[in-house]
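This report covers two contact regions, one within a chain and one between chains. The model shown here is predicted.

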Amino acid sequence: MTKKREIIFSLVRGLLAICIALFVAMLLIFISSEGAGFGEKLRATGAALKQLLIAPLFRTGRSGVSFDVKRLTDVLASMIPIIFTGLSVCIMFSANQFNLGAEGGIMLGAFTTAMVAIYVPMGAVIHPIVAVLAGGAAVAVLMLLPALLKTKLDVSEMVCSLMLNYIVMYVIKFLMNTYLADKTKGQIQSYEFLQSAKIAQLVDNGSKLSVGFLVALVVVVICGLFMFNTRWGYTIRMIGLNQDFSRYSGMKVAGVIVLSQVLGGFLAGMGGGIEMLGRYNTFSWSALPGYGWTGITIAILAGNNPWLVPLASFFLAYLTKGCELMATYANVPAQLLDIVQGVIFLFFAAEQFLSRYRQKLVVKSAQEELAGKEGAKHA
Amino acid sequence: MPDEKAVRPDETYVVRMEGISKIYPNGVAANRGVDFRLKKGEIHALMGENGAGKSTLMKMLFGLEQPTSGEIYVNDQKVTLSSPSVAISMGIGMVHQHFMLVPSLSVAENMVLGMVPRKGMFIDRAKAIAITKEYAEKYNLHVEPEAKVADIPVGMKQKVEILKALVRGAKILILDEPTAVLTSQETAELFRELRGLKENGYTIVFISHKLNEIMEITDRLTIMRAGRSMGVYNTCDVTKEEISRLMVGRDVVLNVQKDAAQPAQTVLRVRDLEYTNEWGKKMLDHLSFDVRSGEILGIAGVEGNGQKELIDMLFNLNTPNGGTATVNGVSVIGMPQRRIREHGVSLVPEDRMLYGIAANASIEENVISDRCSAKRLNRGPLFNMKAIHEEADRLIQDYTVLCKTRKQHVGMLSGGNIQKVVVAREFSNDPVLILADQPTRGIDVGATEFIRKKLVELSRAGVAVLLVSADLNEVMELSDSLIVMHNGKIAAYFKDTKDLTDDMMGEYMLGLREQSAEQIGRVCHD
Ligand SMILES: Nc1ncnc2c1ncn2[C@@H]1O[C@H](COP(=O)(O)OP(=O)(O)OP(=O)(O)O)[C@@H](O)[C@H]1O
Ligand SMILES: [Mg+2]
C-alpha cells in the first residue's frame, strides 16, 4: 500500500473512532443531563459537548470563539508527568515485561526529589538536576526488585510491581506522618523546597508549564532513538517479540530484562521529580497520583512507540481537561471521562476496526501496481 | 503437456476453485486467478517455488484466509468457507506447514482440542488418550499420547498433526509439506498410509518440494509460479526435469559438484557425551566424534535417535549428564549462547519458528540479531542504519528471499523464504563451525541447489560443518564423511560417502547392523 493511502487510512480511522466515542458520550450526557423537556436536555447536551471539545483550548463568549493561551499551557503542563510514565511503560512493555510499577515509581521519584530539594542545599542550576536524577535513581533501584525476582526466581513482575506500588505509597505516608511533616501546617505536607531547587517556568501565567516540558520532549527523542536506533533498544524489542530467538541469537536476555525495568523505573522517577519541582512548593501527595496508570494507557495508544507518546499524551491531557471543564461548567459527572476514554480506547485497540475498508484500499493499490508492471512489460 | 481432460467441465470434482485471487493486507498478490480442481480419490500434488502461493491457496480451501475474488465449489455446491470450522464440517482437513499445536499441552490433549471429550467441566483425559491411541493404531502413525508436545521431536509433531485432521473426520486432506521433517523410512510409512486412505476414497492434496516423492505418490499435479497456475498434468506424463523447469523457469542441477575435502585441524571435539531425558530414556550414549575444519560430517539416522539432543547440547539449549564438547579447545557445555557464537559457532535450528526468527520483526531485524553489536553496524552508541540496510539488502539478494521490502515482517513470508532468512544469517557471520539441522527443509529445488552449494563452498573455505538431515539423499550427497546414529549411539562411520547405498544405510539406521568399536572409533581423529 502506498504511504499516502496508509496515512489517509490512519486519519480516517482515528477520526471515526473519536466520532463514534463522542456519539456514545453524547447519548450518555443526554440521558444524564438535567432538564424538563427534550429541547432543554438537548441544549444542555450541546453545552456540555462544547466544554468537552473546544473549551480546553478556546474561550467561548458573546464575541464568538477565541483562542485561550492559558488553557493551552494548562494542557501542555499536564502532559509533563504522563509523557514520562508513558515512555517508562513503553520501554518495559516493549521487552514484554508487564511491570506496573510506574505508578509507585512516580510517587517515589517525587518524594525522593522533594527530600533532596528540601534537605540538601546546592547551587541554583545544579540543584534541580541532582534532585531529579536522585528521584530517577531511587526508582531505578526499586525496580531491581521485580526485575531480579523475575530473572532469578521467575516471579511475575506484574504482581510484584503492582504490590510494590502500595508498599511505596504507605511507606511514604508513614515517613511523612511521623518524621517529615511540617507540623505548623494544617495538613500533612513537607517543608518548603529550597529556592535553588525549583524548576523555572516557561510562561508566567500560573499554568505551571515549566522547563520540565522541554526536558520531557528531549527525553522523548532520546527514548525514540534508543528504542529504534541503538543495539540496546533493538535487543529490548527482540526479547519482547521472541525470547528464545533472542537467547539463541546471543543476546543477554536476563540482563536486558533487568535493564528495561530499571530504565523504565528511572524514567518514571524522573517524571515524578520534575512534576514536583515544576509545579509544587512542598511535597503533599498522600495517595498514588494516577499518572502511572495513565502511562499504561498512553503506551498502548502509542503502540509502545516512544515517538508517538507526545501525541497520545496530548490527546489524553486534552480529554481530561475537557471533562474537567464539562464537570465544572456543564454539570456533567466527571466519571463520564472514564467512559468516553474507554470507548475511544476500544476503537483504537480493536485492530479489526475498519479492516474491510483497509482491505479495499490495499487491493486497489496492489491491482494498480500489478497493472503498472504488466503495462511496463508490454511497452 | 497439460491434461486436457482435467479441465473438462463435465467431470466430477470434489473441489473446484475457480479464478481465485488473494491479496494479503500488506498488498502481496499471492494468488492471481488460479483454477484448481480435485478429483475424488486422487492424490494431487501442488508444486511451485517458495512463495509461489501454494500454502495461500490451500489456506483458502481450509477457510483460514478469504479469497479476494473467485469461487469455491465443494461437491458442486458453491460454498463460502468463512472459517476452518466450516471447512471441517465439509470434511476438509489441513496439516499446516508450520505446526499448529499447543506446546504446553499433551499430545492427546492437542488431538482433541476444540472437540474435547468432556467430563463435567474438565477434559476427559482418559478418553482423549484412548482416542489418540485408537487413531494412532488405525492409521499406523506412532505417537506418545501422554508426552507434552513441547518435548516431542518434530517428526512426531507432524504425525500428531495428521492424526488431528483424521480425527476430525476429514475426507479431503491437505498436507502442506508433511514430509519436510520426516526421514525416508517415515516417509515410506506415511506413503503406505496415504495409499490406504486413497483406496478408501479419501482425496489428498500433497505439497512437497521433493520431486521423487511427487513422482512416487501422486496421480496428478498442479504447478504454480508467482501466484498463477502453470497447468495441470498427469504425473505419469511428465518428467522431473520438466516439472523443475515449469516451476523455476530454468534447468536445475541438484547434484552439487564438490572437490575432495582437505580436512585440517579438529574444530569440534565431542567425547563421551551422555544424556538421559526426563522419562529416563538414554538419548545420547557415550557419543564421541570429531569434525575437522574443511569437512562436512553428516549425521544420518531416523528422527528421535539423539540428533536433536546432540545439537541442543552443542548450542547449550540443554545440558548433558556427562561428557565434553569443545570448539577449538574451548568447552561449550553450559556456555551462554552469546559466547558460543563469539567462538564462531552458527546454528541453523531444526525448529525455525521457535528459535530461528522473531515472526513479528522485520526481515532486517531478523538478519542482524546475532551481530547487532558488531562495530561495522554501529556508529558510537547509535546503529549505522545505512550499513544495516545494506547488510539486509545484500543478504536478501544473495539468498533470493522473496519479499516486498526488508521492512516486511518475517512471519508474513512463505515457509521456504523464512528458512532462507535463517540460513542467510547463520551462513554470513564468518563461522568456524556450522551446525546445520535440516538446512534445506521446505526450500524449493532452486534454492536448495543454492544452499547446498553455499554449504560446500563454506566448508572448502575451511569451515567445519556438522550436517543433520532427515533427507538421506542430502546427507549422502553433501557429506564428506558420515555417521549413522541409532539409539543415541553411533552405529556406523563412513569415511567416504561415495559408494554408500540407501539399503546399507537403512540397515544401520534401523539398528539391524552395527560396526565394530574400532571402525566407529575412527571418527575421532586424535
Ligand atoms: N499472512 C501473510 N501476510 C502477508 N503476506 C503473506 C502472508 N502469508 C504469505 N504471504 C506472502 O504470499 C506469498 C505466497 O506465500 P505462500 O506461503 O502461499 O507460498 P508457498 O508457495 O507456500 O511457499 P513455500 O514453498 O515457501 O511454503 C509470499 O510472497 C508471502 O510473502
Ligand atoms: Mg508454504
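Between domain 3 of chain B and domain 4 of chain B, three residue pairs are in polar contact, both partners being at pLDDT 80 or more. Helix α15 (residues 445-460) of chain B gives the largest share of the domain 3 side that touches domain 4, six residues. By class, that side of domain 3 of chain B holds nine nonpolar, three polar and five charged residues.

The count of salt bridges between domain 3 of chain B and domain 4 of chain B is two. One pairs the side chains of B:R341 and B:E426, with N to O at 3.2 Å. B:R341 also appears among the residues of domain 3 that lose the most area to domain 4 of chain B: with B:D430 and B:F450, it accounts for 36% of what that side buries.

In the domain assignment of chain B, domain 3 is made of two segments, 254-344 and 430-526, while domain 4 spans 359-429. The assignment also gives domain 1 (1-91 + 171-252) and domain 2 (101-169). The C-alpha centres of domain 3 and domain 4 of chain B are 27 Å apart. To their contact, domain 3 of chain B brings 17 residues and domain 4 of chain B brings 11 residues.

The buried areas of the two contact regions are listed below.

| Parts in contact | Buried area | Share on carbon and sulfur atoms |
|---|---|---|
| Domain 3 of chain B and domain 4 of chain B | about 1,100 Å² | 62% |
| Chain A and chain B | about 2,700 Å² | 60% |

The second region is the interface of the two chains, to which chain A contributes 30 residues and chain B contributes 40 residues. Three residues of chain A, namely A:R231, A:Y234 and A:Y248, supply 28% of the area that chain A buries against chain B, more than any other three residues.

One salt bridge is found across the interface of chain A and chain B. It joins A:R237 to B:E365, whose closest N and O atoms are 2.7 Å apart. Polar contacts between chain A and chain B amount to 14 residue pairs, both residues at pLDDT 80 or more.

On the side of chain A that touches chain B, at least two residues each come from α7 (212-229), α8 (231-241), α9 (243-249) and α14 (355-378) of chain A. The largest share belongs to α14(A), with nine residues. Sorted by class, this side of chain A has 14 nonpolar, eight polar and eight charged residues.

Terms used: Residues are numbered from 1 along each chain as its sequence is written. Chains are lettered from A and ligands numbered from 1 in the order in which they are written. This is a predicted model: local features need pLDDT of at least 70, side-chain atom pairs count only at pLDDT 80 or more; totals for chains, interfaces and linings use all residues. Side-chain values use heavy atoms; hydrogens and water are left out. Contact means heavy atoms within 4.5 Å. Buried area is the accessible area (1.4 Å probe) that two parts lose on being put together, summed over both. A salt bridge is a side-chain nitrogen of Lys or Arg within 4 Å of a carboxyl oxygen of Asp or Glu. A polar contact is a pair of N or O atoms within 3.5 Å; within protein, one must be able to donate a hydrogen and the other to accept it, and residues adjacent in sequence count only if both atoms are side-chain atoms. Helices (H or I, at least four residues) and strands (E, at least two) are DSSP runs, numbered from the N terminus. Ala, Val, Leu, Ile, Met, Phe, Trp, Tyr, Cys and Pro count as nonpolar, Asp, Glu, Lys and Arg as charged, and the others, Gly among them, as polar. Domain bounds come from an automatic or database domain assignment.
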